[in-house]
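User: Please take a close look at one part of this model, the loop residue with an unusual backbone angle that is neither buried nor exposed. Set it in the context of the rest of the chain.

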Amino acid sequence: MFPFWEKVVAPILELAEVKRLVEIGALRGENTRQILDTVGPEAELHVIDPVPDFDPEEHATEFGGQYIFHRDLSVNVLGGLGAMDAALVDGDHNWYTVYNECRLLAEAARGDGAPLPVMIFHDVAWPYGRRDLYYNPDDVPETYRQPWAHRGMLPGVSELVHEHGLNPTMANALTEGGPRNGVMTGVDDFVAEHPEPLRVLVLPIYFGLAIVVAEERLARQPELAKFLDWLEGAEGRAMLLELAETMRIQAMLFQHRIYFQNEAELEHVARRYMDSLKRELVAELSSPRRADLNALHDGLEIMRAEHLRGHVVTAGVGPGASPALVRAHLDAYKQHGRLVYAIDRFTDTPLEQVRKNLQHCGLLDARVHLVEGDPNLTLADPPVDRVAMLSVGAMPAADVRTVLDRLAPRLAPQAVIQVERAADPAVRAVLDEFRQAHGLTGPETVIADTSVRWRWK
Ligand SMILES: C[S@@+](CC[C@H](N)C(=O)[O-])C[C@H]1O[C@@H](n2cnc3c(N)ncnc32)[C@H](O)[C@@H]1O
């Protein structure tokens, strides 16, 4: 209800000249100060909440005798409070509670010969307008309680859902609609049974706010009637649109704060995972150098940062450290669409051993393709359609040439190409020829002392 305060709730309380009011459901007590500022020092505010998320003693001390807190259920308290001028109803969002809150408020008014209080209800639209919520299901008698579960809700779906629904931890009625279900149904039933005519306004934003006022009061307080007319007219609707947009932006900012905070945390966890994997690979597989693994990781990060489309090919993989690192990178940074291709003759380290090494790290699955044999044959028609990064490890110069030549037509624009052992004169000659043949004049970066990186055209 809080966001409706300035534009809707406060003007109503002022125009209704409210001197005694009750707030049902206070949560963090954020409304208290505004309520008392609006109704003035002579007014009396009763606040009811069985489990407040603030210290009512502090409010009682701050606001003196003006403020009376009731740590109980509304239906246990309202009958003893006497007539109220206004009630802000935002406690337990179910038919039984809301209907009985209305009934008790009306009975208290009748008992004191006073008019029905102005009643303002929050959560009269989706999700709780036509579906019960129980803060504590045991507080509602079984006959009036809908079957419920701790599951979430989706708009337009009557049944609760198992995933991605709103408020999945709350006790929500299993189905939406039907008799004695939801806050608005409670208001509707009360209004239908009430002996005097009532005016009902529903503001359909931010989970819905309903305002119920006796016509008799409106006849006595024409300024209040005028304000309700304004709310229902074009200007009032424009104000609501503006309010809804402000709340939507606030919600989006909140969501982004959480999202980007999570992203930063995930990034941190991913880096730690990659670091510990590199340590494990260096310790358990004899050949990889930490510097080479770092260089491979840096290349993968360039590919990720620039959103290069395609898969990752590592050629000359030794005992399997490079495909392991690439496969881990795909998980760590959620690179869901990419695959890893490991090209090798698998003569120094047999294929079965490489498989075991990857399995040992939990990094062998359907996204890893181990391509065994002479690259002239295995890459005659390359099994990979698009390469975003090509990393060439320890291979004879002739194989380096074959890998580069065969995969060149599959390289994505700006693909990252890294070659270890570029200091070897035979490999160097292959690289120079390849770069010249393809007109690659872009810079060549020396990485990890003996490797180079360049970009495809
Ligand atoms: C939606 S929050 C209230 C939000 C608050 N009105 C605001 O605008 O920030 C609902 C509150 O109602 C309280 N509540 C639940 N059942 C209640 C009941 N039967 N009577 C009174 N308050 C209740 C809960 O403890 C919770 O603090």
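Analyst: A residue is called buried if 20 or more other C-beta atoms lie within 10 Å of its own, exposed if 12 or fewer, and partly exposed in between. The model is predicted. By that cut-off Ala 448 is partly exposed, because 18 other C-beta atoms lie within 10 Å. Its phi is positive, about 45°, although Ala 448 is not a glycine. Ala 448 sits in the loop that links strand E16 (445–447) to strand E17 (451–455).

His 164 also has a positive phi without being a glycine, with a value near 60°. His 164 belongs to the loop between strand E7 (148–150) and strand E8 (171–173). His 164 counts as exposed, because it has 8 C-beta neighbours inside 10 Å. A further backbone feature is the peptide bond from Trp 126 to Pro 127, which is cis, with omega near 10°. Pro 127 is in the loop between strand E5 (118–122) and strand E6 (133–134).

These loops belong to a protein with 15 helices and 17 strands. Buried residues account for 38% of its 457 residues. The radius of gyration is 35 Å, where a compact globule of 457 residues would have one near 23 Å. Along the principal axes, the C-alpha atoms fill a box of roughly 105 × 45 × 40 Å. Of the contacts between residues at least 6 apart in sequence, 72% join residues at least 24 apart.

As for the interior, the largest nonpolar core has 61 residues, and those touching the most other members are Ile 12, Ala 87, Ile 120 and Val 187. Helix H5 (residues 95–111) gives the most to this core, eight residues. Leaving aside residues up to four places away in sequence, Val 187 touches Val 98, Cys 102, Phe 121, Val 124, Ala 210 and Val 212. Another core, of 54 residues, lies apart from the largest one and has Met 303, Leu 363, Leu 379 and Leu 431 among its members.

The ligand is surrounded by 19 residues, and the closest are Gly 25, Ser 74, Asp 90, Gly 91 and Asp 92. By type, the shell around the ligand comprises ten nonpolar, five polar and four charged residues.

To return to the part in question, Ala 448 combines a positive phi of about 45° with a partly exposed position, in the loop between strands E16 and E17.

Definitions and conventions. Residues numbered from 1 in each chain as written. Predicted model: local features only at pLDDT ≥ 70, side-chain atom pairs only at ≥ 80, totals over all residues. Helix = DSSP H or I, 4+ residues; strand = E, 2+ residues; numbered from the N terminus. Near = placed C-beta within 6 Å. Nonpolar A, V, L, I, M, F, W, Y, C, P; charged D, E, K, R; others polar. Core = buried A, V, L, I, M, F, W, Y, C linked by C-beta atoms within 7 Å. Contact = placed C-beta atoms within 7 Å. Rg over C-alpha atoms; globule rule 2.2 N^0.38 Å.
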